[in-house]
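The exercises below ask the reader to work from the displayed model towards a description of its helix packing, its burial and some of its strand and loop residues. Each task is followed by a solution that goes step by step.

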Amino acid sequence: MMVVLEILKIIGIVLAVIIGLIIVIICLVLFAPFKYTVTAEGKNEAIDPKLSVKFLGGLLHLIIEIENGGLEMKTHLAGIELKKKENSLLTRIAKRIGLAIWELIKEYFFGIVPEKKKKAEQKSEPEEKKEDDDSPKFVKKIRSFVEKVKNIWEKLKLAKYVLGAPVTARAWKYLKQQLAGLFNHVKPASMEGEVTFGTGDPASTAETFGIVGWIAALMDDRLLIIPDMYNKTVKMDVVIKGRIIVRYVLSFLWRILTHKDIRRVVGYIGRNL
């Protein structure tokens, strides 16, 4: 009896340790920041952007780099590069699970029935016999054109109705507030370097500079934007740094998915368009 109790005690301790580790990992993923760094250096077609994401001070390090038109991704754990298998079983399972979750979210929250389910329902319905149409080809084309115009007109009327509805105004107001909060969270903490650009036309270059020049002012002139009025060129030497906390992003998604006005608008559009 004592032996059995000792075994159960050991099993309990092991389970408690495992559960504790899982909770710690979940808390770290939710609350510890993912720090990202984006660099871009080069001129015209030779610009090679690079994204670096570090977690827990570099314990987990993801690097995504575009070089010579190709994309390369590397993952490091505690300084050791992890070798990835192309189209591995784990990757395929993750894709299927992600797709299934997305389809469930669309159907449950927004009322958008997946295409596969629609086709299955259509197959289950009894097929009606189509009447033979012996009309000339040009008559068929005219009928087809008229039907397309009718469909477009109905969709435009629906869009006007949806955009003018009070529920749409409330949903858009709430969505703008949430997007502003998300932008403030994920926006770069610092942007440094120089960007030289020119469209080849002084007027359009000046217009573009007027639109994007405010970025430099927001970043306390640490990002210097220089217009080239006479040449068509883009030259970059930029370093962008920031951080993202998963808990904030998940809470943003949850607020959007569960907001009744957004669900009503998106669900109505999904069912009718």
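**Exercise 1. Describe how the axes of helix H1 and helix H7 are placed relative to each other, and name the residues that make the contact.**

Solution. The axes of helix H1 (residues 2-31) and helix H7 (residues 246-258) come within 5 Å and cross at roughly 80°, where axes are lines fitted to C-alpha atoms, for helices over the stretch in contact, and angles run from 0 to 180 degrees between N-to-C directions. H1 and H7 are therefore classed as roughly perpendicular to each other, given that angles under 35 degrees count as roughly parallel, over 145 as roughly antiparallel, 65 to 115 as roughly perpendicular and the rest as oblique. On the H1 side the contact (heavy atoms within 4.5 Å) involves Val29, Leu30 and Phe31, and on the H7 side Val246, Arg247 and Leu250. Sorted by class, five of these residues are nonpolar, none is polar and one is charged, with Ala, Val, Leu, Ile, Met, Phe, Trp, Tyr, Cys and Pro counted as nonpolar, Asp, Glu, Lys and Arg as charged, and the others, Gly among them, as polar.

The model is predicted, so local features need pLDDT of at least 70 and side-chain atom pairs count only at pLDDT 80 or more, whereas totals for chains, interfaces and linings use all residues. Residues are numbered from 1 along each chain as its sequence is written, and side-chain values use heavy atoms, with hydrogens and water left out.

**Exercise 2. Carry out the corresponding analysis for helix H5 and H7.**

Solution. The axes of helix H5 (residues 166-186) and H7 come within 11 Å and cross at roughly 175°, and the two helices are therefore roughly antiparallel to each other. H5 contributes Tyr174, Leu175, Gln178, Leu179, Gly181, Leu182 and His185, which meet Tyr248, Val249, Phe252, Arg255 and Ile256 of H7. By class, this contact has eight nonpolar, three polar and one charged residues.

**Exercise 3. What span should the 13 residues of H7 have, and which residues of H7 are buried?**

Solution. At 1.5 Å a residue, the 13 residues of H7 should span 18 Å, and the end C-alpha atoms of H7 are 18 Å apart, which agrees; the expected span is 1.5 Å times one less than the number of residues. The buried residues of H7 are Ser251, Phe252, Ile256 and Leu257, where buried means under 20% relative accessible area, exposed over 50% and partly exposed in between (1.4 Å probe, protein chains only).

**Exercise 4. Place glycine 242 and threonine 199 in their strands and describe their surroundings.**

Solution. Glycine 242 is found in strand E8 (residues 232-244), and at 12% relative accessibility glycine 242 counts as buried. Leaving out residues up to four places away in sequence, glycine 242 touches Phe34, Lys35, Tyr36, Pro188 and Ala189. Threonine 199 lies in strand E6 (residues 190-199) and, with a relative accessible area of 33%, is partly exposed. Threonine 199 and lysine 232 are 33 residues apart in sequence, while their C-alpha atoms are 4.6 Å apart in space.

**Exercise 5. Which phi values do leucine 56 and alanine 78 have, and where do these residues lie?**

Solution. Leucine 56 has a positive phi of about 60° although it is not a glycine, and leucine 56 lies in the loop between strand E2 (48-55) and strand E3 (60-67). Its relative accessible area of 37% makes leucine 56 partly exposed. Phi of alanine 78 is near 55°, again positive in a residue other than glycine; alanine 78 is found in the loop between E4 and strand E5 (80-82) and is exposed, with a relative accessible area of 53%.

**Exercise 6. Describe the placement of glutamate 72 and the residues that it touches.**

Solution. Glutamate 72 is found in strand E4 (residues 70-77) and counts as partly exposed at 39% relative accessibility. Not counting residues up to four places away in sequence, glutamate 72 touches Ile63, Ile64 and Glu65. Glutamate 65 itself lies in strand E3.

**Exercise 7. How many helices and strands does the protein have, and what percentage of its residues is buried?**

Solution. The protein has eight helices and eight strands, helices (H or I, at least four residues) and strands (E, at least two) being DSSP runs numbered from the N terminus. Buried residues make up 20% of the 273 residues.
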